[in-house]
Amino acid sequence: MLETCRNAQERWGGVNQLIDRWLQERKELVVAYVDIIGSGRELSCNDQQLQRFCEVLVDYVSAGHFGVYEQLTNEAKAFGDQRGLELAKQIYPRIEAITEVSLAFNDLCDNGDCRDSSSLSEELKRLGQLLRERFELEDCLIEVLHMAHQEKAAAEA
């Protein structure tokens, strides 16, 4: 997952400050996730590493929904990119579903509702799989909704 994060940053880094910051947050999220999964110790809701992961998780999904996605959609509208807008309509619902799972995981940890360490670990692994899927969907949106427009803008200049 970390390698995928690096590849996305290499491909799109420097294109736009908002996307750059968001990809940096993604990297922080992946590092926090790997630190928890790789620790091999039992988890509890009040674990400091887990709490840090949850903070970065909420920041990341919020930045996507309240900044990056809106900018990408506005850019597609400005360039009259109907194909990109249609793709976004298909992808956004899945991203939103993963956001809901992410926020529910955060709430679980915030409320101290962790039943036991093994169920928390399973939930964390499930979340990791969903985040991987989300990153792929987001990369697709960046590719289609942003990179195509950068090429058009450069051609018009």
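**Salt bridges in a predicted model**

User: In this predicted model, which residue forms a salt bridge with Asp139, and how far apart are the closest N and O atoms?

Analyst: The cut-off for a salt bridge is 4 Å between a side-chain nitrogen of Lys or Arg and a carboxyl oxygen of Asp or Glu. Asp139 meets it with an arginine, at a closest N and O separation of 2.9 Å. The partner is Arg26.

User: Which helices does this pair link, and how many residues apart are Asp139 and Arg26?

Analyst: Asp139 sits in helix H5. Arg26 lies in helix H2, residues 17-39. The pair therefore links distant parts of the chain, with a separation of 113 residues.

User: Is Asp139 buried or exposed?

Analyst: Buried means under 20% relative accessible area. Asp139 has 12%, so Asp139 is buried.

User: What is the relative accessibility of Arg26, the partner of Asp139?

Analyst: Arg26 counts as buried. That class requires a value under 20%. For Arg26 the figure is 0%.

User: Which residues are linked with Arg26 in a network of salt bridges?

Analyst: Arg26 and Asp139 already form one salt bridge. The network also takes in an arginine and a glutamate, Arg134 and Glu138. Linked with Arg26 are Arg134, Glu138 and Asp139.

User: Which residue of helix H2 forms a salt bridge with Arg52?

Analyst: Side chains of opposite charge can pair when their charged atoms come close. For Arg52 in helix H3 (residues 48-78), the partner in helix H2 is 24 residues apart along the chain. The closest N and O atoms are 3.8 Å apart, and the partner is Glu28.

User: Are Arg52 and Glu28 buried, exposed or partly exposed?

Analyst: Partly exposed covers the range between 20% and 50%. Arg52 is at 41%. Glu28 is at 35%. So Arg52 counts as partly exposed, and Glu28 counts as partly exposed.

User: What separates Arg52 from Glu55 in helix H3?

Analyst: Arg52 also forms a salt bridge with Glu55, with closest N and O atoms 3.6 Å apart. Glu55 is partly exposed at 46%. The two residues are 3 apart in helix H3, so their separation is about one helical turn.

User: How far is the C-alpha atom of Arg126 from that of Val101?

Analyst: Arg126 is found in helix H5, residues 117-156. Arg126 is partly exposed, at 40% relative accessibility. Val101 is 25 residues away along the chain, and the C-alpha separation is 9.6 Å.

User: How many salt bridges does the count come to?

Analyst: Asp139 with Arg26 is one of the pairs. Arg52 with Glu28 is another. By the 4 Å rule, the count comes to 8.

Definitions and conventions:
Residues are numbered from 1 along each chain as its sequence is written. This is a predicted model: local features need pLDDT of at least 70, side-chain atom pairs count only at pLDDT 80 or more; totals for chains, interfaces and linings use all residues. Side-chain values use heavy atoms; hydrogens and water are left out. Helices (H or I, at least four residues) and strands (E, at least two) are DSSP runs, numbered from the N terminus. Buried means under 20% relative accessible area, exposed over 50%, partly exposed in between (1.4 Å probe, protein chains only).
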